[in-house]
Amino acid sequence: MITPAPPRRPCPRYSADGTPCSNTTTRADGWCGRCDGYTTVTPAVTRNATGPRRSEWRWGPDTWTPGALGMDSDEAYEIDVTPGAVATYGRVHAVMPQIAETQIRSLLEDLISEQAATERSSTGTWRIYFRKHGYGLVISADRSHVLRYCTRHAERTWAQYRTGVTSRISGSGGTAAWKREALSRHIPVPISGKALNLYARHTLGLKVTRDDIDDIAQRLATHLSDNVLPHWHRTAEAAIEDGHGNTWILLRNERFPDGIIATVHATGSDPHSRHEERQR
Ligand SMILES: [Zn+2]
């Protein structure tokens, strides 16, 4: 018997700059898989302004030694998922419990089928994880339950990460040296390459190149010193509207003790940036 196709629904996700997706999808997780797939308009970090985010890359006090978990990828759809694992997942990625459970199963299937590292703890539980990518699960000793979800990522799901969606809140680690040099000549606070690129594209209508980086950095510096930095009180996390249709996210933490301008997104009322074509 052929099961009916799932209904086609609008994709409820957002691109990195906060633009709502206009695709439709029949996928179980509700994501079309073609947009950036963020579940919130603004980074989750702005909704949790009480201090630095707690890492979810926590495996408990156990010691782990390599061991073969011996699960088949089909079992990802038979195993039980505990409410604790669902709750952690739902909190980190801002999704409903049902979606969280679907995505945890999908992650487990990928972990098993892609032969992720498996280890056994001194208490008999298992962990299976992508060490390099920063996603993993704790499985009960009898392999009947997913006990815990662990991730090093602040908001991106494994499904987003594996499709190449880049972080919209992490720092300047990936910014080319020539960009960093030009930026530091003009701007008193570190700024991520992402924030630079988004500002250049959406506000100036320019792509950042070696030829125009100095001009862009100067204009960005003026914009920030006029509209953003005076409103920044050097808190751990701040979301500042610049009065020109953009909200800037600034962070201050151990890695960036002087702060960093992490990203910028459309505040939502600016028609120009809403209708701008996204390009990678
Ligand atoms: Zn979409």
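## The second largest cavity

Let's start inside the protein: the second largest cavity has a volume of about 50 Å³. Eleven residues line this space, and those closest to its centre are Y38, T39, T40, H93 and E155. Sorted by class, the lining of the second largest cavity holds six polar residues, four nonpolar ones and one charged residue. Keep in mind as you explore that this is a predicted model.

## The largest cavity

How many cavities of 30 Å³ or more are there? The count is two, and the largest of them encloses about 60 Å³ of space. Its lining is made up of ten residues, with L198, H202, N246, H265 and A266 lying nearest the centre. Two elements, α5 (193-204) and β11 (260-266), each give two or more residues to the lining of the largest cavity.

Which element supplies the largest share of that lining? Helix α5 does, with four residues. By class, the lining of the largest cavity comprises five polar, four nonpolar and one charged residues.

## The β9-β10 hairpin

If you now turn to the strands, β9 (residues 237-241) pairs with β10 (residues 246-251) in the antiparallel sense, over five bridges. Within this pairing, E241 stands opposite T247 in β10. The two strands, β9 and β10, form a hairpin with four residues between them. One residue to look at in the turn is G243, which has a positive phi of about 75 degrees.

N246 links this section to the previous one: strand β10 covers residues 246-251, and N246 is among the residues that lie nearest the centre of the largest cavity.

Note on methods: Residues numbered from 1 in each chain as written. Predicted model: local features only at pLDDT ≥ 70, side-chain atom pairs only at ≥ 80, totals over all residues. Heavy atoms only, no water. Pairing = 2+ DSSP bridges. 1 Å grid on protein atoms, 1.4 Å probe; cavity = no way out; pocket = protein on both sides within 12 Å on 5 of 7 lines; lining within 4 Å. Points joined across faces, edges and corners; volume = space filled by probe spheres on them. Nonpolar A, V, L, I, M, F, W, Y, C, P; charged D, E, K, R; others polar.
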